[in-house]
Amino acid sequence: NQPGTIFEAIGGHDTISQLVDAFYKRVHVHPALQPIFPDDLTETARKQKQFLTQFFGGPPLYIEEHGHPMLRRRHLPFPITPERKDAWLACMEAALDEVNIPEPYRSAMFDRLTLTAQHMMNTPEDQK
Ligand code: HEM
């Protein structure tokens, strides 16, 4: 484990795993998100654990298995409107609270995720 990273500071693999499970539990029942996600989120959650591990400074698990993330490109098949961006972030914010990520990590994580989520929008609200 890399000292001095958010990944390390919040508790490593266990915490990322709990966070992602708390997140997809909400995505699964969110009316704006449920239609674009698969019914079975097992594989989605597995990839997200790999991705967020490396995103917050842990080992590069996602890139090792899937190559360069190219996140915006991987999201192009899904109509991501401003409403869906806000819904994704609301699920993530509630998940950060559920697993009790302490400050200053909670805000640092949410700020970085917000920037990335903004980059993922690809569809205006009225074209979904
Ligand atoms: C995959 C939606 C933002 C990381 C996906 C999938 C959907 C989705 C529908 C495909 C799930 C599947 O078929 O398994 C959204 C929406 C977002 C959003 C609505 C709102 C802005 C983000 C952000 C990140 C992220 C901010 C990273 C910080 C990923 C990853 C995958 C993924 C790593 C798996 C890619 C793969 O197949 O390898 N997302 N996403 N997403 N998303 Fe997002």
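**Helix α2.** I started with α2, residues 12-27, in what is a predicted model. I checked its length: 16 residues at 1.5 Å each should span 22 Å, and I get 23 Å between the end C-alpha atoms, so the two agree.

Next I asked which residues of α2 are buried. My list reads Thr15, Ile16, Leu19, Val20, Phe23 and Val27. Looking down the axis of α2, I see these buried residues fall within an arc of 130°, so they line one face of the helix. That fits the textbook spacing: an α-helix has 3.6 residues a turn, so residues three or four places apart point the same way. What does the buried face pack against? I find α1 (6-10), α3 and α6 as the partners of the buried residues of α2.

**Ligand shell.** I then turned to the ligand and counted 23 residues around it. The ones that come nearest are Thr44, Phe51, Trp88, Ala117 and Met120. I noted which elements give two or more residues to this shell: α3 (42-55), α5 (71-75), α6 (82-98) and α7 (105-120). Which of them gives the most? It is α3, with 6 residues. So α3 turns up twice in my notes, as a packing partner of the buried residues of α2 and as the top contributor to the ligand shell; this is just bookkeeping, but α6 is also on both lists.

I sorted the shell by class as well: 13 residues are nonpolar, 5 are polar and 5 are charged.

**Backbone oddities.** I went through the loops after that. Between α6 and α7 I found two things to write down. Asn100 sits in that loop and has a positive phi of about 60°, although it is not a glycine. Asn100 is exposed, with 10 other C-beta atoms within 10 Å. Pro104 is in the loop between α6 and α7 too, and a cis peptide bond joins Glu103 to Pro104, with omega about 5°.

Where is the other non-glycine positive phi I noted, Met70? I place Met70 in the loop between α4 (61-66) and α5. Its phi is about 40°. Is Met70 buried or exposed? Met70 is exposed, since I count 10 other C-beta atoms within 10 Å.

**Confidence.** Last, I looked up the scores. The chain averages a pLDDT of 96, and 98% of the residues score at least 70. For the model I have ipTM 0.97 and pTM 0.96.

Definitions and conventions. Residues numbered from 1 in each chain as written. Predicted model: local features only at pLDDT ≥ 70, side-chain atom pairs only at ≥ 80, totals over all residues. Near = placed C-beta within 6 Å. Helix = DSSP H or I, 4+ residues; strand = E, 2+ residues; numbered from the N terminus. Nonpolar A, V, L, I, M, F, W, Y, C, P; charged D, E, K, R; others polar. pLDDT = per-residue confidence, 0-100. Expected span 1.5 Å × (residues − 1). Buried ≥ 20, exposed ≤ 12 C-beta atoms within 10 Å, placed from the backbone. Arc of directions from axis to C-beta. Contact = placed C-beta atoms within 7 Å.
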